[in-house]
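Here are my notes on the model, point by point. Please read them with the structure open.

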Amino acid sequence: MHHGKTKHYGAQELAPGRQPSHQRFPLTHLPYGAFAVEDQQHLCVAIGAHLLDLHACASSGLLPPTLTEACQAPTLNLLMSQGRQAWALLRKTITTLLHADVKPQQKEKAEAALHSIAGSTLQKPVHIPNYTDFYASIHHATRVGQLFRPDQPLLPNYKHIPIGYHGRASSIVVSGEPIIRPIGQTRPPAEEVEPDFLPTKKLDYELELALYIGQPSAQGTPIPISSAADHLFGVSLLNDWSARDIQSWEYQPLGPFLAKNFATSISPWVTPMSALEPFRGPAESRPATDPKPLPYLYFAADQKAGGINVELEVLLLTEAMKANRLQPFPLSESKAQDLYWTPAQLIAHHTSNGCNLQVGDVLATGTISGPAEASAGCLLELTRNGTRPILLPTGETRAFLEDGDEIILRGSCKLSGHPRIGLGECRATILPAHT
Ligand code: MN
């Protein structure tokens, strides 16, 4: 694969202010990714509109010898397994390297390793052994529950236990890869008709964050909530594609299966937890009437600062909108800080029975919806299971996704006194079903 031309860096190229808010990659961010170099995959970090080839940096002696092997690997897993001191050392080395007053000889070598992001092909940066999807937004759980169980929208376990299911790691794809409409078995509810086997008519997205596990845990040994955060490497955007008609027929009694495992998209950049530090905040405050989490899920410091203050949005671009050169249409905005369960609670709960975590595992938050109806992170909620279609600027309507539709997830963190950082984009276009 061809990659971008080497570019000389100066204040202007690296200035994050020139990029849209979801694409802010200042020096305080340095998200990890991977890109194609001929038939190889190299690790990189993003800086401004450029990426720094870590494989090339290691080859030209710019990185500490202890990091050479990890930085010349095709995925981040080896770096992850080296632990927090290695992560900090690499970040510090890159920060120094990209600083304006670096020695001329080093600067020249670093310049040779810079490429434009726009001219590069980004790839999946982590080998993901396991993928678990949670259900951590109480607003999502409540509104979805209202659609199917108006009498009891929120099941009695919700406020006690982080609900989740084991997803499928093999079908996780990177942003940009198209999604083929799944075919499956459906049966309209409350109708005495035979099931059919057809392309889904209710294809949906789910706006989520992916939490990457950087440090493993041993089988049989739960991770205490007090040290759960130490196992987190970073976050990216995740779209848990869902076929609602397949889901509603198959999900009882064992939960989601073929309605979700056909594909999951992730954004190409992994934002390290250290870059997110200024943007951590309190967990969503629980009404006094809500039960206090059991001790294995409760840690005062986590309640105080375990939330992640990421602002998220979902946009839709239909074929007609593309043909008319229209901007993507914003469907919703929400905040990760509105999640009922923190990342540390998800990790503590996942391992509480002795289940082990592996380096590179993804724990996804579940659909991130806010308290307002307009801040719903999927079409199931936004259109009330398709009964209230959305009107688009082209005059088209959408109850669920059509072939040719492109869904774009974006995320960014802002706080006065800190440079804004962007999580980039997670986008994919729907292709017709194979029939
Ligand atoms: Mn989900």
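1. A charge sits over a ring if NZ of Lys or CZ of Arg is within 6 Å of the ring centre and within 35 degrees of the ring normal. K292 meets this over the face of Y298, at 4.3 Å from the ring centre. R286 does so over W341, at 4.5 Å.

2. This is a predicted model: local features need pLDDT of at least 70, side-chain atom pairs count only at pLDDT 80 or more, and totals for chains, interfaces and linings use all residues. Residues are numbered from 1 along each chain as its sequence is written, and side-chain values use heavy atoms, with hydrogens and water left out.

3. W341 also belongs to an aromatic cluster with Y135, Y158 and Y340. The whole structure holds 6 aromatic pairs (ring centres of Phe, Tyr or six-membered Trp rings within 6.5 Å).

4. Look at the manganese ion. Its protein donors (N, O and S atoms within 2.8 Å of the metal) are D133 (OD), E206 (OE), E208 (OE) and D240 (OD), at 2.1 to 2.2 Å. Water is not among the atoms, so the site may look incomplete. The spacing in sequence is D-x72-E-x1-E-x31-D. E208 lies in strand β13, while D240 is in the loop between β14 and β15, 32 residues apart. Both are buried (under 20% relative accessible area, 1.4 Å probe, protein chains only).

5. The largest nonpolar core (buried Ala, Val, Leu, Ile, Met, Phe, Trp, Tyr and Cys residues joined through side-chain atoms within 4.5 Å) has 57 residues. Y205, W241, L401 and I407 have the most contacts inside it. A second, separate core has 42 residues, including V45 and L76.

Terms used. Buried means under 20% relative accessible area, exposed over 50%, partly exposed in between (1.4 Å probe, protein chains only). Rings of Phe, Tyr and Trp (its six-membered ring) pair if their centres lie within 6.5 Å; planes under 30 degrees apart count as stacked, over 60 as edge-to-face and the rest as tilted. Donors are N, O and S atoms within 2.8 Å of the metal (3.2 Å for Na, K and Ca); water is not among the atoms, so sites may look incomplete. Helices (H or I, at least four residues) and strands (E, at least two) are DSSP runs, numbered from the N terminus.
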